[in-house]
Amino acid sequence: MNEFEFSFDNKRYHTLNFYNKTNFSARVEKAVINAGFTCPNRDGKVSVGGCTFCDNGSNYFCGDGELSQQLDCEIKRIHAKRPNSKIVAYFQSGSNTYADISKLREIYQPFLDDERLFGLSIATRADCIDENIINLLKEFNKKIYVCVELGLQTSNDKIGKLLNKGYTKEQFTK
């Protein structure tokens, strides 16, 4: 067996955990932060009610308080379990690029400056990202590691319609 057949976590594909350990020499944990973003699939721009799989994010660990309080709580939670982990602030709830540039900068700036963080992980939709936002994220990435989770869920547009996804495979590809 060669190094390309299996990763060290014994899978035929490279997991994010494998990528992180290989590239950053450490386990990387996500501190789940809810910055209060909505989504065009919830607020009526595209649809209402959200996708059928959406539960408004996984902010069940530390609630919806002030962002700095959420981060403090998450860091304590993570370090209690894995004290040597690198930490990324994980913005999952809603579409975390669904705001104007000044609002995005206001929300993310404190996290860029927090020395306890290794990076940011920002979940969003294909229809909530454009060239201006990409340039902003590139700017952030000069200061801190940035990972963008661009949700697809399915490439089958018929299933996407059943899921009330609100955008097509073509929009995602673009």
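Q: At 17% relative accessibility, does Asp114 count as buried or exposed?
A: In this predicted model, local features need pLDDT of at least 70 and side-chain atom pairs count only at pLDDT 80 or more, while totals for chains, interfaces and linings use all residues. Residues are numbered from 1 along each chain as its sequence is written, and side-chain values use heavy atoms, leaving out hydrogens and water. Buried means under 20% relative accessible area, exposed over 50%, and partly exposed in between (1.4 Å probe, protein chains only). With its value of 17%, Asp114 counts as buried.

Q: Which residue forms a salt bridge with Asp114?
A: A salt bridge requires a side-chain nitrogen of Lys or Arg within 4 Å of a carboxyl oxygen of Asp or Glu. The closest N and O atoms of this pair are 2.8 Å apart. The partner of Asp114 is Arg116.

Q: How many residues apart in sequence are Lys30 and Glu149?
A: Their side chains meet in a salt bridge of 2.6 Å, N to O. Lys30 lies in strand S1 and Glu149 in strand S4 (strands are DSSP E runs of at least two residues, helices H or I runs of at least four, numbered from the N terminus). The bridge therefore ties together parts whose separation in residues is 119.

Q: Which helix supplies the largest share of the largest nonpolar core?
A: A nonpolar core joins buried Ala, Val, Leu, Ile, Met, Phe, Trp, Tyr and Cys residues through side-chain atoms within 4.5 Å. The largest one has 24 residues. The largest share, five residues, comes from H3.
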